[in-house]
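Colleague: Please take a close look at the aromatic rings in this model. I would like one connected account, in plain steps.

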Amino acid sequence: MVLISILHAVLYGIVQGLTEFLPVSSNAHLRLAQILLDPKVDNANFTAFTAVIQLGTIVAVLIFFRKELGDTVRGWAVSLTGKERGTVAAKTGWAVFVGTLPIIILGLVLKHRIEHTFRGLYFIGFSLIFMGVLMFIADRKGDQGRSDDSITVLDGVKVGLWQCFALIPGMSRSGSTITGGLFSGFNRLAAARFSFLLGVPGITLAGLKELMDHRKTIVGGELMTPTIIATVVSFFVGYAAIAYLMKFLQTKGITPFVLYRVVLGIVILGLVAGGVVGQNDGEPPEKSNTPATISSH
């Protein structure tokens with residue numbers, strides 16, 4: 001039996017909360033943390049664990065953007081009656097709705113690859129670098145003349161497709177959606193704000209689905225205590241990360257994140273190429289019928 005201590009649960013919560021909204025890929029950092037801390041934990045269980053603790057960061061978004069979310073939900077609901085369809089709130093609501101559909105569909109279709117193939121360290125290393133380059137180009141070449149007021153349903157489709165990159169650890173959900181927003185002409189703050197709003201439905205649904213699929217181990221099982229601890233920690237750290245990112249983008253832009261991603265990606269590829277770590281370190285044999293267990297002991 002493989003155990004995850006309370007300390008490790010806290011560390012996972014910090015990593016999740018800190019990296020979910022910064023454009024550096026929470027999945028990649030959680031994967032690296034798993035390799036360092038608990039390399040023998042069953043991959044499917046750990047994927048469920050990380051998906052559920054994202055709910056803590058979603059609560060942080062709900063509180064931080066409560067006014068924007070409230071206006072968006074009300075505007076979208078009113079538009080369903082055929083009234084006020086042209087308001088910014090209504091258009092934002094529909095943009096979030098249609099933008100969420102692609103990642104839900106692909107997430108279900110590619111579930112096995114997400115849990116196994118895409119988690120290889122080569123995938124993560126190249127993904128960190130690739131999306132970092134795209135972020136840099138978007139920040140330099142994007143028009144950035146648009147604000148939140150100009151959002152359309154088509155923007156939801158385009159940025160929603162960009163969000164699908166987040167299914168590959170290393171790409172980053174916030175990084176890919178902010179990049180998509182910048183390429184669509186939004187300024188940095190508008191792109192970041194829409195990124196946060198767009199992430200709410202997808203992350204929430206993914207977390208709830210994993211919670212249901214693994215309810216025997218998460219609810220009242222071995223995963224329960226570490227999941228609760230990591231979720232609570234991710235909420236507090238995530239809230240602070242949102243506030244930090246919104247201020248940081250106004251003054252520094254995304255170049256520091258680009259540099260960090262590229263350097264980290266090169267380091268990972270170098271470690272794998274040098275044989276210091278294996279391409280699939282932390283991956284249990286797929287044919288194994290005895291999954292490791294996460295526990296709070």
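Modeller: What follows covers the ring pairs, then a charge over a ring, then two unusual backbone angles.

This is a predicted model. The count of aromatic pairs comes to 16. Take phenylalanine 64 and tyrosine 239 to begin with. Their ring centres are 5.4 Å apart, and their planes meet at 65 degrees. Planes over 60 degrees apart count as edge-to-face, so this pair is edge-to-face. Where do the two partners sit? Phenylalanine 64 belongs to helix 3 (residues 43-64), and tyrosine 239 belongs to helix 12 (residues 224-251). They are 175 residues apart, and the pair links distant parts of the chain.

Are these two rings buried or exposed? Buried means under 20% relative accessible area, and exposed means over 50%. Phenylalanine 64 has 26%, so it is partly exposed. Tyrosine 239 has 31%, so it is partly exposed too.

Now move to phenylalanine 65. It pairs with phenylalanine 196. The centres are 5.3 Å apart, with 35 degrees between the planes. That pair is tilted. Phenylalanine 65 lies in the loop between helix 3 and helix 4, while phenylalanine 196 lies in helix 10 (residues 188-213). The pair therefore ties together parts that are 131 residues apart in sequence. Phenylalanine 65 has a relative accessible area of 2%, so it is buried. Phenylalanine 196 is also at 2%, so it is buried as well.

These residues come together in a cluster. Ring pairs link Phe21, Phe64, Phe65, Phe196 and Tyr239.

Another ring has a charged partner. Arginine 146 lies over the face of phenylalanine 186. The distance from the ring centre is 4.1 Å.

Finally, the backbone. Most residues other than glycine have a negative phi. Which residues go the other way here? Glutamate 84 has a positive phi of about 50 degrees, and it is not a glycine. Serine 172 has a positive phi too, near 85 degrees. Glutamate 84 sits in the loop between helix 4 (66-79) and helix 5 (88-109). Serine 172 is in the loop between helix 8 (153-163) and helix 9 (173-183). Check their surroundings with the area cut-offs again. Glutamate 84 has a relative accessible area of 54%, so it is exposed. Serine 172 has 4%, so it is buried.

Terms used. Residues numbered from 1 in each chain as written. Predicted model: local features only at pLDDT ≥ 70, side-chain atom pairs only at ≥ 80, totals over all residues. Heavy atoms only, no water. Helix = DSSP H or I, 4+ residues; strand = E, 2+ residues; numbered from the N terminus. Buried < 20%, exposed > 50% of the residue type's maximum accessible area, 1.4 Å probe, protein only. Phe/Tyr/Trp six-rings, centres within 6.5 Å; stacked < 30°, edge-to-face > 60°. Lys NZ or Arg CZ within 6 Å of the ring centre and 35° of its normal.
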